[in-house]
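Trainee: I've got a protein model open and I'm not sure how to read it. Could you walk me through it?

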Amino acid sequence: MKKLLFILSTAFGLANAQTQQQATLLYNWQDTTLASSLSYDNTYNECWGLVINNKEFAVIGSTAGTHFFDVTDPKNSYEVAFAEGAFTGGGVIHRDYHDYNGYLYAVCDEGATSTLQIIDITDLPNSINIVYNSNEFFTKAHNIFIDTARAKLYVCAVKHTVPNNFSSAMEIYSLIDPLEPLLLYTYNNVGHVHDAYVRNDTAYLNCGNDGLRIVDFSTLDLSIPTTPLELASLTSYPDKGYNHSGWLNKNGNLYIMQDENHGYDIKVLDVSDLNNISILSLFNSGVNPNSMAHNGIIKGNFAYIPYYHDGLRVFDLSDPSNPIQTWEYDTYLQSIDYCAIHPNHLSYKGAWGVYPYLPSGNIIVSDMQTGLYIIELSTSSTNLIESNFQNHIFPNPVINKFTFTSKADNIKIYNSLGIKIRDQKLNQNQNTILRHKLLNGLYFYSLNKDGKKISSGKIIFK
C-alpha cells in the first residue's frame, strides 16, 4: 500500500478576489403536501439527470419516493412519472440514484423496508416500470455508484435485516444482467464508506473519519477473484474532517473531495501519479465562515458544488492551484430569515445535489426544502457579485507567528463557532502577528481598514 503525500501550493481559501455571475432560474418545483423529514426538516434529497428518447429528464428524491420530470423545454417542465418508495414519510432523509443500460437504480438509507428499486426508464416520458423492488440483496444503503464501463454497482454503507442485522462498509455487484445484480465482493477494509467515485475499476472511496482510499477492484473479474489492491490512502491532510464525497475529472488527473463539516474547504488533488498525490489547493464559497459543501461534480474545467445555505456555486478549475468562483444561484429561499436566527450556517438546510451533464447545458439542482431547480448559466447575466473571502496570510498553517500582505489597520480573529476571540489594532506598516495563547485548530480572520473589511479567510494554528 502506498501512502499519499500532500503539498499545499496555494493559500487556504480563494487566492484572488473573484467576479461571479448570478445564474438564471428556468424552473422550480416543490410539493407542499409532502411530508418533511423529522430529523432535518427536508422534503427532498438527491437529484439525477437522464436522456431518454432524445428528451431530457430530471430525477429528484423526496420523502414519498422518486419524481421524474421532462425538462426538455425547461420553462415548461412537468412531472411525468412517480415511483413510490418502499419506505416513505417523515423517517426518510436520504435517497440516491444512478442509471445504467435503461434502468434507474434507487436506494434509501432509512427504514426497515428501504429496499433496492430498479426502474425501467426506457419508455419515458410515457411511463416507468418498477421491475425490481425487494430487500433480497440489502435493506438500505447510503449511496450508490455505477462503473458503467465495467457494469459494476458499488453500494456504500450497506445494512441488512436478514439473516442477522449486519452491516458492510461497501458491497460490489455485477450488473452483467441489469435485473439480477450478483454480489462480487464485500469490502470491509475500513469501518465505513460513505460515498464512491469509480472509473474502470479504480474506486475513490470517501471513508468518513478514515479519510480517502483508492482501490483497484479489477481483480474481481478474474476467473478466480483475488483481494482488491489498495493503491493509495490519505488519512491526514489540511482541513481534514468527515470525508464525504468526491469526483474525478474527465482526464483522470484531478479529484475534488468534500469534508462534510461546517467551515471546511473543498480539496483539489493531483491524482495523475497515485504514488505521489498532492493537494493543489483548497477553496470555498466565501459566503460564511461555517459554509459547508455537499455533493460536488466536475464537468470539463468546472466544479459544480451544492452548498448547504449557499446554493449552487460553480468554480473554474482551469488553474487547479487557483480555483475561481464564477457562478452562483441560491436555492435556499428562506435563507434571509433563517440566517437571522442561525447566522453561522450551523445546520443542514439548502442545496443537496447537482447534475450538470444534460446535453442542453442546463443544470439540475435539488434543495432540501425547496425542491427541484433547473438553472441556466447564461452569459447575458449582468448581476455581478464581488467576493472578498480570500487569504493573504502566510505561513498557513501557523506555528508561532504569521505575516500578511495588506495595509490593514485592524485584524479580527474568530474561532470555528464564529465567536470573536481577538480584535487587535495594527500599527502603521505592521504585518506580523504573534500567536500568543491561541490553541491549535481552525480559525477565521478579517483584515480591516478604516472600519471596512478588506480581506478575510481561514487560518490554522498547529
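Mentor: Let's go from the whole chain to one sheet and then to one residue. Keep in mind that this is a predicted model.

Trainee: How many helices and strands does the protein have?

Mentor: Count the elements first: there are 38 strands and one helix. Then look at burial: of the 462 residues, 58% are buried. The accessible surface is about 18,600 Å², and carbon and sulfur atoms account for 50% of that.

Trainee: Okay, now a sheet. In which order do the four strands of the open sheet lie?

Mentor: Read across the sheet, not along the sequence. Here the order is 2-30-29-28, with antiparallel pairing. Strand 2 (24–29) and strand 28 (351–355) are the edges; each has a single partner strand, so one side of each has no neighbour in the sheet. On average, neighbouring strands are turned by 25° against each other, ignoring direction.

Trainee: What joins strand 28 to strand 29?

Mentor: Look for bridges. Four of them link strand 28 to strand 29 (residues 363–367), and the two run antiparallel. One example to find on screen: Gly 353 has Ser 366 in strand 29 as its bridge partner.

Trainee: And a single residue? Is Ile 52 buried or exposed?

Mentor: Check its relative accessible area against the cut-off: buried means under 20%. Ile 52 has 13%, so this residue counts as buried. Ile 52 belongs to strand 3 (residues 44–52).

Trainee: Which residues does Ile 52 touch, leaving out those up to four places away in sequence?

Mentor: Phe 57, Ile 121, Thr 122 and Leu 124. Take Thr 122: Ile 52 and Thr 122 are 70 residues apart in sequence, yet their C-alpha atoms are 6.5 Å apart in space.

Definitions and conventions. Residues numbered from 1 in each chain as written. Predicted model: local features only at pLDDT ≥ 70, side-chain atom pairs only at ≥ 80, totals over all residues. Heavy atoms only, no water. Pairing = 2+ DSSP bridges. Axes fitted to C-alpha atoms, helices over the stretch in contact; angles between N-to-C directions. Buried < 20%, exposed > 50% of the residue type's maximum accessible area, 1.4 Å probe, protein only. Areas by Shrake-Rupley, 256 points an atom, 1.4 Å probe, with all protein chains shown as cover. Contact = heavy atoms within 4.5 Å.
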